[in-house]
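Please study the sequence and the structure shown below before attempting the exercises. Each task is followed by a worked solution.

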Amino acid sequence: VQLADKLLLQTTNDKERKNLLKQKANAFGFIAAFYEDNADTSKWMGYQQKTLSIYQEIKDTGNIVQSILNFGSYYSTMGNFPKAIEYYQKGLSLSKEMNYKIGISNALFQMGYMYSNQGDTTQALENYQKGTLIYSEFKDTSGMADCLIITGDLYSKLHNVAKALECYHNAISLDEKMKYINGLLRAYNSIGEMYQRNNDLQNALVNYQKGLFMSEEMKDKNRI
């Protein structure tokens, strides 16, 4: 932060100033993360607000929205759901206003996750499905696959095997097209967990073994 301030005094070039301010915002973000890890709410809020103010100054749409959603995630983690919804809705409205579709999908995704943790499956599914639709509109295959896995996980917890499998298999199709091995591993592991949750141990084992085989091929000891 100090270095950015020093260099900002030495330049009048707009492009350089914008880049330096962005680096300063990133530094504030790391300081905020430090205080979040140390459960110092007031200092986290202060530095997070400084980060947001800089992004607003340089009109960085993506990071403005993400900063607002970070406030929502923080309040969600702290169990203050009304405040979390306030920030998620703010991020969603701003994204719609700017036609920033990644922001729209991220806001819907995070709201869905929060509702899922609260046990409100109806609201969770509604937000996940809206998020998946937005990802499909701007052809974000990876985002669609992620949303499908998370939606499948929710159906799995509800013991709706047919719906869960539909989501997982659609995600696998997308991951196969992208040759995204980590996505496939995640999908097969989720299917294994679903079958295990429903006491179908044979099918659970089949899917866990698919994931194990892929992990061995990648020589990924952690996943093995």
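The exercises below concern a predicted model.

**Exercise 1.** Determine whether the length of helix 4 (residues 61-77) agrees with the expected span.

*Solution.* Step 1: helix 4 has 17 residues, and at 1.5 Å a residue these should span 24 Å. Step 2: the end C-alpha atoms of helix 4 are 24 Å apart, which agrees with that expectation.

**Exercise 2.** Identify the buried residues of helix 4 and state what covers them.

*Solution.* Step 1: the buried residues are I64, V65, S67, I68, L69, F71, G72, Y74, Y75 and S76. Step 2: their cover includes helix 2 (14-37), helix 3 (41-57), helix 5 (81-97) and helix 6 (101-118).

**Exercise 3.** Describe how helix 4 and helix 5 pack.

*Solution.* Step 1: the axes of the two helices lie 7 Å apart, at an angle of about 165 degrees. Step 2: an angle over 145 degrees counts as roughly antiparallel, and helix 4 is therefore roughly antiparallel to helix 5. Step 3: the crossing of helix 4 with helix 5 is left-handed. Step 4: among the contact residues are I64, I68 and Y75 of helix 4 and F81, Y87 and L94 of helix 5. Step 5: the residues of this contact comprise eleven nonpolar, five polar and two charged.

**Exercise 4.** Decide whether S190 of helix 10 (residues 181-197) is buried or exposed.

*Solution.* Step 1: the relative accessibility of S190 is 7%. Step 2: buried means under 20%, so S190 counts as buried. Step 3: leaving aside residues up to four places away in sequence, S190 touches I149, D153 and Y168.

How values were computed:
Residues are numbered from 1 along each chain as its sequence is written. This is a predicted model: local features need pLDDT of at least 70, side-chain atom pairs count only at pLDDT 80 or more; totals for chains, interfaces and linings use all residues. Side-chain values use heavy atoms; hydrogens and water are left out. Helices (H or I, at least four residues) and strands (E, at least two) are DSSP runs, numbered from the N terminus. The expected span of a helix is 1.5 Å times one less than its number of residues. Buried means under 20% relative accessible area, exposed over 50%, partly exposed in between (1.4 Å probe, protein chains only). Contact means heavy atoms within 4.5 Å. Axes are lines fitted to C-alpha atoms, for helices over the stretch in contact, and angles run from 0 to 180 degrees between N-to-C directions. Angles under 35 degrees count as roughly parallel, over 145 as roughly antiparallel, 65 to 115 as roughly perpendicular and the rest as oblique. A crossing is left-handed if the near helix is turned anticlockwise from the far one by less than a right angle, and right-handed if clockwise. Ala, Val, Leu, Ile, Met, Phe, Trp, Tyr, Cys and Pro count as nonpolar, Asp, Glu, Lys and Arg as charged, and the others, Gly among them, as polar.
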